[in-house]
Amino acid sequence: MTSMALVVMCVAMFAGGRGLAAGSVGDVLRVRFGGDAERTRVVLDLGSSARGEIVESGSGGSVVLTLAGVAPPRALDGAGSGLVRGYRVTGTGTASRVELQLARSGEVERRFLLPPGDGVPNYRYVIDLRGVGPARAANRQAQATVPRAETRRTERPLIVIDAGHGGRDGGARGANHNESALTLAAALALKAELERTGRYRVMMTRTNDAYVDLYQRVRIARNADADLFISLHADAGSDPATRGASVYTLSEQGASRAVREVTRGDNWHRDLHLPGRDPSVDRILLDMTQRATQNRSAQFARVLLSHIEAADQPLLRRSHRDAGLAVLLAPDVPAVLLEMGFITNPDDERALADERRRGRLMRAVAEGIDRYFREPSAPLQIASTGGGAGGQP
Ligand SMILES: [Zn+2]
């Protein structure tokens with residue numbers, strides 16, 4: 001089912017990308033709202049992929065952005081909800097102008113494009129708004145929830161650990177073990193390591209041999225407002241001599257490298273990959289990840305690798321591989337996928353199945369996480385996309 005859903009999604013993305021390249025313009029289907037007066041999510045359902053750019057950031061009482069690639073046949077307008085009093089979407093031929101009138105001062109906390117998926121057949125452009133200014137202070141008494149941006153400064157970082165595969169999806173097979181069992185054991189070991197430090201909150205995408213949909217894994221990280229998402233896997237190759245750990249992040253070159261992986265035919269994680277079929281698909285993959293998050297993911301990947309190496313764990317020669325992996329598509333949570341070693345290599349499989357050696361590897365990973373959160377250049381605050389900074393390329 002998952003593979004099928006992914007295939008459908010790839011095809012949809014491919015078609016969308018081609019449509020865009022050919023110069024056709026998609027429709028703006030409708031505008032939806034969620035959340036409350038403090039934080040409001042605006043979702044624009046789109047007939048194709050689009051590229052957003054902020055024109056007005058909300059401090060003056062309205063948010064205006066342009067969406068290139070989509071235009072409504074006629075103007076859409078209506079009442080909003082939460083922070084948004086009303087909206088108006090007008091078309092300018094090949095682009096849309098989206099105007100959100102706010103009930104008070106606000107800011108764009110994040111915005112991103114989602115491809116068709118999760119049972120939604122169309123693209124979505126999501127804008128998360130946050131109220132700022134005096135009204136917020138006045139509301140605080142009545143507000144049951146503390147705004148997350150304030151929470152984040154005082155709370156310990158939240159790490160979401162994703163044990164790859166599970167349930168009916170056993171992942172790659174070694175001589176004696178299924179990948180899904182090794183990733184769960186490693187995830188539990190990493191959880192224990194991180195909790196032992198007292199410096200992190202930890203959440204797992206699964207804690208037993210359960211099947212969890214790939215997009216559900218991403219949703220868990222996003223809904224929890226995670227500071228870091230780490231997905232654990234074991235690699236597989238046709239050559240039993242190939243061994244070592246490697247780290248994936250999604251990057252500008254990512255999608256094309258993933259294509260080579262799949263074409264080579266030795267990748268058993270095919271269900272995880274969203275290979276780009278042509279450059280326009282690469283663009284869409286890129287659009288889904290904000291550059292700021294990309295940089296932070298890459299930074300974490302480097303730190304992680306240095307710690308794994310320091311723990312005398314073998315590394316695959318070019319160990320920081322970038323790829324378009326479904327679980328890395330949370331657009332606003334720094335995310336990496338760690339291939340802990342090759343389950344098809346007898347030494348690696350033994351090491352991953354051995355509690356002590358697995359524990360040592362996870363200690364190195366925990367140290368990498370520690371280092372990442374202590375680096376002065378790695379601010380805990382996820383970069384805001386307000387005003388276009390850190391926005392889409
Ligand atoms: Zn895997």
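His165 sits in the loop between β10 (158–163) and α4, and that loop is a good place to start a tour of this predicted model. The protein has 10 helices and 15 strands, and buried residues account for 45% of its 393 residues. Among contacts between residues at least 6 apart in sequence, 74% join residues at least 24 apart. Below you will find two loop residues, a helix pair and an open sheet.

**Two loop residues with positive phi**

- His165 has a phi near 65°, which is a positive value in a residue other than glycine.
- Is His165 buried or exposed? His165 has 27 other C-beta atoms within 10 Å, and because 20 or more are enough to count as buried, this histidine is classed as buried.
- Asp225 belongs to the loop between α5 (214–223) and β12 (228–235). Asp225 is not a glycine, yet its phi is positive, at about 60°.
- The surroundings of Asp225 hold 16 C-beta neighbours inside 10 Å, so Asp225 counts as partly exposed.

**The α4 and α10 pair**

- The loop that holds His165 leads on to α4, and α4 in turn packs against another helix. Helix α4 (residues 179–197) and helix α10 (residues 355–374) meet at an angle of about 50°, and their axes are 9 Å apart.
- That angle makes α4 oblique to α10, because it falls outside the ranges for roughly parallel (under 35 degrees), roughly perpendicular (65 to 115) and roughly antiparallel (over 145).
- The crossing of α4 past α10 is right-handed.
- Which residues of α4 and α10 meet? On the α4 side they are Ala185, Ala186, Ala189, Leu190, Glu193, Leu194 and Thr197. On the α10 side they are Arg358, Gly359, Met362, Arg363, Val365, Ala366, Ile369 and Asp370.
- By residue type, the contact of α4 with α10 comprises 9 nonpolar, 2 polar and 4 charged residues.

**The open sheet of 5 strands**

- Now to a sheet: 5 strands line up in the order β3-β4-β7-β6-β5, and the pairing is antiparallel.
- Why does one side of β3 and of β5 lack a neighbour in the sheet? β3 (51–57) and β5 (76–79) stand at the edges and have a single partner strand each, so one side of each is left free of a neighbour there.
- From one strand to the next, the twist averages 15°.
- Strands of a sheet pair through backbone hydrogen bonds, in either a parallel or an antiparallel sense.

**Pairings around β4**

- β3 pairs with strand β4 (residues 62–68) in the antiparallel sense, over 6 bridges.
- Two of the bridge partners can be picked out: Gly52 is matched with Leu67 in β4, and Ile54 is matched with Leu65 in β4.
- β3 and β4 also form a hairpin, with 4 residues between them. In the turn of this hairpin, Gly58 has a positive phi of about 115°.
- β4 pairs with strand β7 (residues 95–102) as well, again in the antiparallel sense, over 7 bridges.
- In the pairing of β4 with β7, the bridge partner of Thr66 is Arg97.
- In a regular strand, side chains alternate between the two faces of the sheet.

Definitions and conventions:
Residues numbered from 1 in each chain as written. Predicted model: local features only at pLDDT ≥ 70, side-chain atom pairs only at ≥ 80, totals over all residues. Axes fitted to C-alpha atoms, helices over the stretch in contact; angles between N-to-C directions. Left-handed = near helix turned anticlockwise from the far one by under 90°. Contact = placed C-beta atoms within 7 Å. Nonpolar A, V, L, I, M, F, W, Y, C, P; charged D, E, K, R; others polar. Pairing = 2+ DSSP bridges. Buried ≥ 20, exposed ≤ 12 C-beta atoms within 10 Å, placed from the backbone.
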